[in-house]
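Biologist: Please take a close look at the helix packing in this model. I would like the contacts residue by residue, along with whatever surrounds them.

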Amino acid sequence: MAAPAGRLSQGQRWLLVGVLLLAAALRLPAPHLAPPGVNNDVAYDATDALTVLAGEWQLWFPGNFGREPAAIYLLAASTALFGRNELALRFPTAAAGVLLVAMMVPLARCLFRSRSLAPALAVLAAALAAVNFWAVFWSRLGFRAALLPLVLTLAFFLLARAAHGHRFSWVTAGAAFGASLYTYTAARVLPLLLAVLWAGDALIDRRCWRSRLEGWRWLLVSVFIVALPLEAYFAVHPDQLVSRVGQLLPGGTSAEDLPPADPPDRAVLGSFAMFLGDGGGNWVLALPGRGVFDLLTLPPFLLGVVLALRRWRWQAERWILLWLLVLLLPAILAREGHPNYGRSLGALPPTLLLAALGAAEAGRWVLRRWQAPPLVGAAGLVVVLGSSALTAHDYWLTWARHPETERAFAVPLTRFAHAANQRDDGRWFLLLANPARGEQFRYRVFDYLYRGSRGVTLLADEPSLRRWLAAQQPVGQLVEVVDFPPTRLGPDDPREVIATLLRAHGPLIAATAEAGLRQRVYRLLGPPLVLAPTVASTEPGPLGAQVLELLLAADRGALVASLEVEVSSLPAPDRLSLQLFDPSGQPLAQSERPLVDGAGRTPERWERPVRERAYFVLPLPAGLPPARYELRLAAYRQDGTLREAARPLLTFSLTEPVPLPADEPMTRLDRALAGGTVLGWVLPGGPPLPGEHALAIVFWQGPPRSFQLTLADQVVAVASSAATAAPQRLVFPFRAPRAPLTGSLLWLVSGDERLALGPLPLRERPRQFTPPVATFAADVRFGNALHLVGYDPDVVITPTRALDLTLYWRALRDDLPPLTPLIQVVAGDRVVAQRDGRPGAPTTTWLAGEYVPDGYEMLPLPAGLREVSVIVRVIEAATGAPLPTASGELEVRLGPFTVPP
């Protein structure tokens, strides 16, 4: 028997069950694999969810520019149910995505209830919602924005019921619209949305509008009551009302931290372009080049738009169009780039309804013309299954595996948190962050995922570090200092405080991904003993390794080895094992680690040949005597079977550490101060340039004391000593004055006592104030700091196919901050080589009007290139932000250059 008009037939109900299963299959499986890591914004919400579980309930969460509470409380419930993992992070939005698919059915039936195609249109709307890339993508991310489409769908369903005579639905619809304000910032266009819906009804259908006037009043009252707690909060905290909006809108409070706003026409066109295939350029929010619809579902959407525009006087089509336009406004007004799939997520349901409308009308036309229901059913099945296959391919195989996605979702930090959960060795993890770059924000990934009791997220400011160290008395366990991602640090970086303060707290080991900082920390720990290997590398083979560093901790409790591993063939090893043997051949210690690159990718995804660094910490037995020891390296496959047996890597001699450096030109003092003896002091690397950041090391023997280094009566650095009998190093990072100070001395101060170390020597370097002769002239100014006046490319490719480049800079002012040029060689849009680093003379030492040549030897270029260009950026070291050029661009492109065959 046929189903009554407007109701689903039994076959359509079974189709709907299949659609819901398909929706769940695309959204719920493997939350730890795609996305491959955890995004910072989601981790921020998750760490606030932990505070909710601890009993700190809030109506509004002011961190991260202010956030609505619904997603955070759902995350708290999910965490309580599943634990601290990716499933808990993504289950609320994935479940909301499945519920959205189910809610599309009653919404479509209620909107089109008077039409015979309503049941088919409802099933089509659910099917398109199940397989749509935009819907699937955001359901899996875990962002709170994914809750808004579900709540708005429920609100419009209740509003449609109210419009068809269900009086109490006016109240429940208002409650749903009010609840949407607790989900995501884009819901703040709600007053405008309700206003245009009401005005549309008043202008087009006045008779119905008058009969519904009382219902609209009840709806507004219900919205007001449900949103009243939030309204009261904003009345007391008006700054929170505009904090996130001020960050996003052009000219907002944080506009200087965001890219320049697009012109209005570009913002509008860019936002609508996402329906035609523009995915934008943000790998966090979308897949570049992939729009809302694929080739199978785009035609029904376009047909639905045409039909809705022709029928704009009909209530269903009018509501859908107004819903779509108003909910696109948050994305159009935002200055974060267009299209913006997150800001416009509230427009997802009307977008799917338009596509379903077009598909249903096309199917009805085919039925009228050919009377072939099986043909229509088969075409619909092909569209749905084909679109689901395209969505799965684009999401799992293209987006989830792309290196840009791995960088956007903190993959190394996520994997490190999981690895830390597997360790139970009493080790602390100090995660280094530079607050000036906002890096503490991303370490909430570790805060949430790490379940151990001994981990700590360090914001790298001196007070918080001192508080943590003070709580660890005595500091007897190993401490691992981890820096994500590898970055180049300058003396002004707050992470330099790590080196100074760790020095005062006993036997610690620091292992970091940044070689410069690692060397400085090791130098301050002891002093450590640098061990010279007698064999530098393994024999040639599919796996080669070279030892770059081998260092012993100050208390001889551990050996730190840094290796450069070369993988040149398949299958690649999955894990490496470094083993230490005594002179008799007995094993003493070993350390294993997975072989991954800087982005956390395993070797099967590397392009060969490739070289990557691997760091090992080997705990040593107590009382290890001076002797000759051997390191061996073994490799294992993913299943644990042996890939290459352990073979000698190098041998080294372990000797007693010397108390003072014999090879440094130390100024010997042997003067008493504060109950101890100042043995001497040294400037590593010799006298600094005027304005250069440098280190002063003072050798001290005595009880624990705090010290200050002063110059011209100004405190330039502080340090503390520890309770040890051996001589200690007090390290003072400071910046040399811009000009020699006649008669000024460096003083070491402890309390009321002071000791003159001696005058601060400064060295000069040749300076050029006449324009250089460059092969190519340039005229590009980066901010008010640097002027690129020319460049010399070496277009003769060497046997290693390396491209050399010399840039000629002119300083625009004195007292420049630390700046780092970033040089990239590109072929088309693909980066084929890159160099970044401080110039030979630090920019802090440049004078206004001075010309400085800056040479770069690029990495080897891939074979087969015919033409390359060079992109130049200038990065401010303190913030990591690129300096804009006079035209507002963040880079300049040089070339193109022809590559000789």
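Modeller: Helix 4 (residues 86-111) packs against helix 16 (residues 348-370) at an angle of about 60°, and their axes are 11 Å apart. That angle makes helix 4 oblique to helix 16. Bear in mind that this is a predicted model. The crossing of helix 4 and helix 16 is right-handed. On the helix 4 side, the contact is made by L100, M104, L107, A108 and L111, which meet L348, P349, L352 and L353 of helix 16. By class, that contact has 9 nonpolar residues, with no polar and no charged ones. As general background, an α-helix has 3.6 residues a turn, so residues three or four places apart point the same way.

Helix 4 and helix 16 also appear in the surroundings of helix 6. Helix 6 (residues 133-141) is mostly covered, with 9 of its 9 residues buried. These are F133, W134, A135, V136, F137, W138, S139, R140 and L141. The cover over the buried residues of helix 6 includes helix 1 (10-27), helix 2 (40-53), helix 4, helix 5 (118-131), helix 16 and helix 17.

Of these neighbours, helix 17 can be described in detail. Helix 6 packs against helix 17 (residues 373-399) at about 45°, with 9 Å between the axes. The two helices are therefore oblique to each other. Helix 6 and helix 17 cross in a right-handed sense. F133, V136, F137, R140 and L141 of helix 6 meet T391, D394, Y395, W396 and W399 of helix 17. The residues of this contact divide into 7 nonpolar, 1 polar and 2 charged.

Several of these residues recur in an aromatic cluster. Its members are F133, F137, W138, F143, Y395, W396, W399 and F409. Two members of the cluster, F143 and F409, lead on to N39: leaving aside neighbours within four places in sequence, N39 is in contact with F143, V284, A408, F409 and V445. N39 sits in the loop between helix 1 and helix 2. Its relative accessibility is 4%, so N39 counts as buried.

A further packed pair is formed by helix 7 and helix 8 (residues 168-180), whose axes come within 8 Å and cross at roughly 160°. This makes helix 7 roughly antiparallel to helix 8. The crossing of helix 7 and helix 8 is left-handed. Helix 7 contributes L148, V151, L152, L154, A155, F156, L158, L159, R161, A162 and A163 to the contact, and helix 8 contributes S169, W170, T172, A173, A176, F177, A179 and S180. By class, this contact of helix 7 with helix 8 has 15 nonpolar, 3 polar and 1 charged residues.

F156, one of the helix 7 residues in that contact, also takes part in an aromatic pair. The structure holds 27 aromatic pairs. Among them is the edge-to-face pair of F156 and W319, at 6.5 Å centre to centre and with 70° between the planes. This pair links distant parts of the chain, since F156 lies in helix 7 (residues 148-163) and W319 in helix 15, 163 residues apart. F156 and W319 are both buried. In another pair, the ring centres of W700 and F707 are 4.9 Å apart and the planes stand at 65°, so this pair too is edge-to-face. W700 and F707 are buried as well.

Helix 15 (residues 315-333) also holds A331. With 1% relative accessibility, A331 counts as buried. Apart from its neighbours within four places in sequence, A331 is in contact with S271, H338, N340, R343 and S344. One of these partners, S271, is 60 residues away from A331 in sequence and 6.9 Å away in space, C-alpha to C-alpha.

For the chain as a whole, there are 23 helices and 27 strands. Of the 901 residues, 52% are buried. Among contacts between residues at least 6 apart in sequence, 70% join residues at least 24 apart.

Methods: Residues numbered from 1 in each chain as written. Predicted model: local features only at pLDDT ≥ 70, side-chain atom pairs only at ≥ 80, totals over all residues. Heavy atoms only, no water. Axes fitted to C-alpha atoms, helices over the stretch in contact; angles between N-to-C directions. Helix = DSSP H or I, 4+ residues; strand = E, 2+ residues; numbered from the N terminus. Parallel < 35°, antiparallel > 145°, perpendicular 65-115°, else oblique. Left-handed = near helix turned anticlockwise from the far one by under 90°. Contact = heavy atoms within 4.5 Å. Nonpolar A, V, L, I, M, F, W, Y, C, P; charged D, E, K, R; others polar. Buried < 20%, exposed > 50% of the residue type's maximum accessible area, 1.4 Å probe, protein only. Phe/Tyr/Trp six-rings, centres within 6.5 Å; stacked < 30°, edge-to-face > 60°.
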